[in-house]
Amino acid sequence: MAQQDGPTSPAHPDGPAEHRTTTVEKGRFCTAHCICGWRGPARRARSLARADAEGHAGD
């Protein structure tokens with residue numbers, strides 16, 4: 001079963017476009033996901049997946 005880490009609620013439809021990211025674990029890999037549809041590469045280190053998410057949210 002996949003494990004999620006971080007906020008999962010969507011952005012407010014009337015507000016500005018924002019990126020809300022989560023990390024999802026599947027087996028030995030962790031992937032960053034965003035409500036905009038973006039997905040980062042599968043990583044073995046959670047810290048790298050979180051860094052991918054932070055980089056995306058800052059773009």
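## A walk through the chain

Let's start at the surface: the protein chain exposes about 4300 Å², and carbon and sulfur atoms supply 50% of that area. Keep in mind as you turn the structure around that this is a predicted model. Of the 59 residues in the protein chain, 25% are buried.

Now for the layout. The protein chain has three strands and one helix. If you trace the protein chain from the N terminus, the elements come in the order β-β-β-α. You can also ask how contacts are spread along the sequence: among those in the protein chain between residues at least 6 apart, 15% join residues at least 24 apart.

The helix, α1, is a good place to zoom in. Helix α1 runs over residues 46–57, twelve residues in all. From its first C-alpha to its last, α1 reaches 17 Å, close to the 16 Å expected at 1.5 Å a residue.

Which residues of α1 are buried? They are Ala-49, Asp-52, Ala-53 and His-56. These four cover an arc of only 95° around the axis, so they lie on the same side of α1. And what covers the buried residues of α1? The cover includes two strands, β2 (21–26) and β3 (29–34).

Turn the helix over and the picture changes. On the face of α1 turned away from its buried side you will find the exposed residues Ser-47 and Glu-54. To view both sides of α1 in turn, find Ala-49, Asp-52, Ala-53 and His-56 on the buried side, then look for Ser-47 and Glu-54 on the face turned away from it.

Notes
Residues are numbered from 1 along each chain as its sequence is written. This is a predicted model: local features need pLDDT of at least 70, side-chain atom pairs count only at pLDDT 80 or more; totals for chains, interfaces and linings use all residues. Side-chain values use heavy atoms; hydrogens and water are left out. Buried means under 20% relative accessible area, exposed over 50%, partly exposed in between (1.4 Å probe, protein chains only). Contact means heavy atoms within 4.5 Å. Accessible areas come from the Shrake-Rupley method with a 1.4 Å probe; for residues, only the protein chains shown count as cover. The expected span of a helix is 1.5 Å times one less than its number of residues. The arc is that of the directions from the helix axis to the C-beta atoms.
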